[in-house]
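Biologist: Hi! Could you walk me through this protein?

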Amino acid sequence: MEEPTSGPEPEVPAGAAGSEPAEPVTPGEPETPTAPAGPRPLGVGVVPTGQAAVDAGLRRLADADHLPSSGHLQVYEDVHRGLRDVLAGLDQHPGPPAPSSTTHDNRS
């Protein structure tokens, strides 16, 4: 069994595996904070669905790209309400009501 030796650690040459290049640091110089770039559109493409009301709602989502985040909620709720109305409309069947599934036998 070998005993540990005391003394300085061996130096790792720059660029060797496991070493990171040191960045030059100027003492006393404050770091410059980088300003946020600001909001940018996500650039998500929208494929038309063929349903005018749904397509209008999807186009309305693009309005949020130009608003501060505090205005996004209103746009999202507006689009959600419109899409919910479209879905509810699918449950409405135009024309006469469907016949009742119960039959009455009035024989005495």
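Modeller: Sure, here is a short tour, beginning with where the values come from. This is a predicted model, where local features need pLDDT of at least 70, side-chain atom pairs count only at pLDDT 80 or more, and totals for chains, interfaces and linings use all residues. Residues are numbered from 1 along each chain as its sequence is written, and side-chain values use heavy atoms, leaving out hydrogens and water.

Biologist: Cool. How many helices and strands are there?

Modeller: The protein has 2 helices and 0 strands; these are DSSP runs numbered from the N terminus, with at least four residues for helices (H or I) and at least two for strands (E).

Biologist: What share of the residues is buried?

Modeller: Of the 108 residues, 6% are buried (under 20% relative accessible area, with exposed over 50% and partly exposed in between, using a 1.4 Å probe and protein chains only).

Biologist: Which residues of helix 1 are buried?

Modeller: In helix 1, residues 52-61, they are Val54, Asp55 and Gly57. Seen down the helix axis, they fall within an arc of 160°, so they line one face of helix 1 (the arc is that of the directions from the axis to the C-beta atoms). On the other side of helix 1, Ala52 and Arg59 are exposed.

Biologist: And what covers those buried residues?

Modeller: The cover includes helix 2, residues 72-90. Contact here means heavy atoms within 4.5 Å.

Biologist: Which residues make the contact between the two helices?

Modeller: Helix 1 brings Ala53, Val54, Gly57, Arg60 and Leu61, while helix 2 brings Val75, Tyr76, Asp78, Val79, Leu83 and Val86.
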